[in-house]
Amino acid sequence: MVTDSNSQKKHAYGKILQSNQTDQEEYSFRLSNTSEASPANDDHPPPISSDHSSPYNTPLEQSPPFSGPSWDSSFPTSSWDQSQSSSPLAKSPWSSHVASGNHENYSYTGLMGSLVREEGHIYSLAASGDLLYTGSDSKNIRVWKNQKEFSGFKSNSGLVKAIIIAGERIFTGHQDGKIRVWKVSGKDPSIHKRIGTLPTLKACIKSSLKPSNYVQIRRHRNSVWIKHFDAISSLSLNQDKSLLYSASWDKTFKVWRVSDSKCLESINAHDDAVNSVVAGFDGLVFTGSADGSVKVWRREMQGKGTKHFFSQTLLKQECAVTALAVHLSATVLYCGSSDGLVNFWESDRLLSHGGVLRGHKLAVLCLATAENLVFSGSADTNICVWRKEGSDHACLSVLSGHTGPVKCLAVEEDKAATGGDKSHIVYSGSLDKSVKIWRVSAMAASMQPPVPQQPHQVENFNAPQTFPSIQSFSSQGSRMSQRRNY
């Protein structure tokens, strides 16, 4: 009887490895869990190819399928000599837009450049130093260095929903429910090799031999618990980068040990798709879901390992939670929703509700933080920039230029800024198939004065006006579908 049971489980596991391509909805966040992506084949390391155009063994710029795109300058050419300047554009291939003589001390917020690709919508971004990684529904991950195409690599299946960088390793989360692990070549930094998939094939086979490792994923269908059986929606690393968290539309989040790629836990977190997971402060992990809730999970040491326990529910609402971000230094959690609002909670007040940021007309699809700034990207095509001032938030500007929903953000410090101006470089990816780069100065005046706020009260911001120094640039030949998957 035991042998027959194991044989049935092996047969079921064999079916799990079969590929089944599914439709991909536009907004890439789940409002309800009416349908689920079917799992695809486990990846095998790509064979060494003699074809020099293979993205696995050649730099991106040498590969014909990846050739063609370039960053466009968004501003007129200036006669100012960039080679003698300390402007953030000095080492860029773009033309300078800073007037001669004003480059030593200026405060500027606005669009610096735009890249439009016809290979698909941009779903994910990650920035590290002078490198920018972009993921799209073409399954390609592109690497840009100083706004020049530098490298690239491609997954076998599944559009790229999330990218996160941990030193020389890059983790990518995909529509097919898998996490791919890539490593930069020590000999050639432009070459990225896939070194594994989470869960590993070995772990899946080992887990499939034990009947108790199976969980029901659909009616009359089981799967091993270490696998996500629906799209990966979000990835996050804890502060020491020893643990990787993955959220999925399968209503769970999983905990992976980075050192050996082992799946430590799978937590049934919500009643609907988990749209975001973020590792926060004080050993806390936050999850946001299409069921309208934000939950807090507490990590505790148990022997040589760790275990995560449910702590509390911060929010329960009718509309879907679509994005989360943590401000580590200020210990604040931000939550974006499909109603266009951004709620936040402050750790120094025992995670009490701090207020609401009102700046968008449509769903907030992505959030990012840097120092005292908060960035929110929305389906209304705009990016709101907020400055935290004590317990208040002031709207600095609205970055307007995309023609489709802003799906992802990445922020880096502008190390080339001079004159005491604290500024940041912001990358935004959109479903209009473009990536835009912005310079945001923290020295800019607020668009309206901050509203005085008492504990547990909600801020009431009027919808901000577009920042006057920002110009709008349309993408090339992109017509956005407003289809949502309910």
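The exercises below concern a pocket, a sheet and two buried residues.

The model is predicted, so local features need pLDDT of at least 70 and side-chain atom pairs count only at pLDDT 80 or more, while totals for chains, interfaces and linings use all residues. Residues are numbered from 1 along each chain as its sequence is written, and side-chain values use heavy atoms, with hydrogens and water left out.

**Exercise 1.** State the volume of the largest pocket and describe its lining.

Solution.
- A pocket is an open set of points on a 1 Å grid over the protein atoms alone, where a 1.4 Å probe fits, with protein on both sides within 12 Å along at least five of seven lines; lining residues have an atom within 4 Å of a point.
- The volume, taken as the space filled by probe spheres set on points joined across faces, edges and corners, is about 1,600 Å³.
- The lining has 50 residues, and the closest to the pocket centre are Ile164, Leu235, Leu367, Ala368 and Leu409.
- Strands are DSSP runs (E, at least two residues) numbered from the N terminus. Those that give two or more residues to the lining include strand 3 (122-128), strand 25 (364-370) and strand 29 (406-413).
- Strand 29 gives the most, with seven residues.

**Exercise 2.** Give the strand order of the open sheet of four strands and find its edges.

Solution.
- Two strands pair if DSSP finds at least two bridges between them.
- The order is 3-4-5-6, with antiparallel pairing.
- Strand 3 and strand 6 (148-154) each have a single partner strand, so one side of each is left without a neighbour in the sheet.
- Strand 4 (residues 131-136) and strand 5 (residues 140-145) are joined by five bridges. Leucine 131 stands opposite lysine 145 in strand 5.

**Exercise 3.** Determine whether histidine 424 and valine 374 are buried or exposed, and list what each touches.

Solution.
- Buried means under 20% relative accessible area, exposed over 50%, and partly exposed in between (1.4 Å probe, protein chains only).
- Histidine 424, in strand 30 (residues 423-430), has a relative accessible area of 3% and is buried.
- Valine 374, in strand 26 (residues 373-378), is also buried, at 1%.
- Contact means heavy atoms within 4.5 Å. Not counting residues up to four places away in sequence, the contacts of histidine 424 include Glu371, Asp414, Trp438 and Arg439.
- With that exclusion, valine 374 touches Tyr334, Ala368, Thr369, Cys384, Val385, Trp386 and His393.
- The C-alpha atoms of valine 374 and alanine 325 are separated by 9.0 Å, with their positions 49 residues apart along the chain as the sequence separation.
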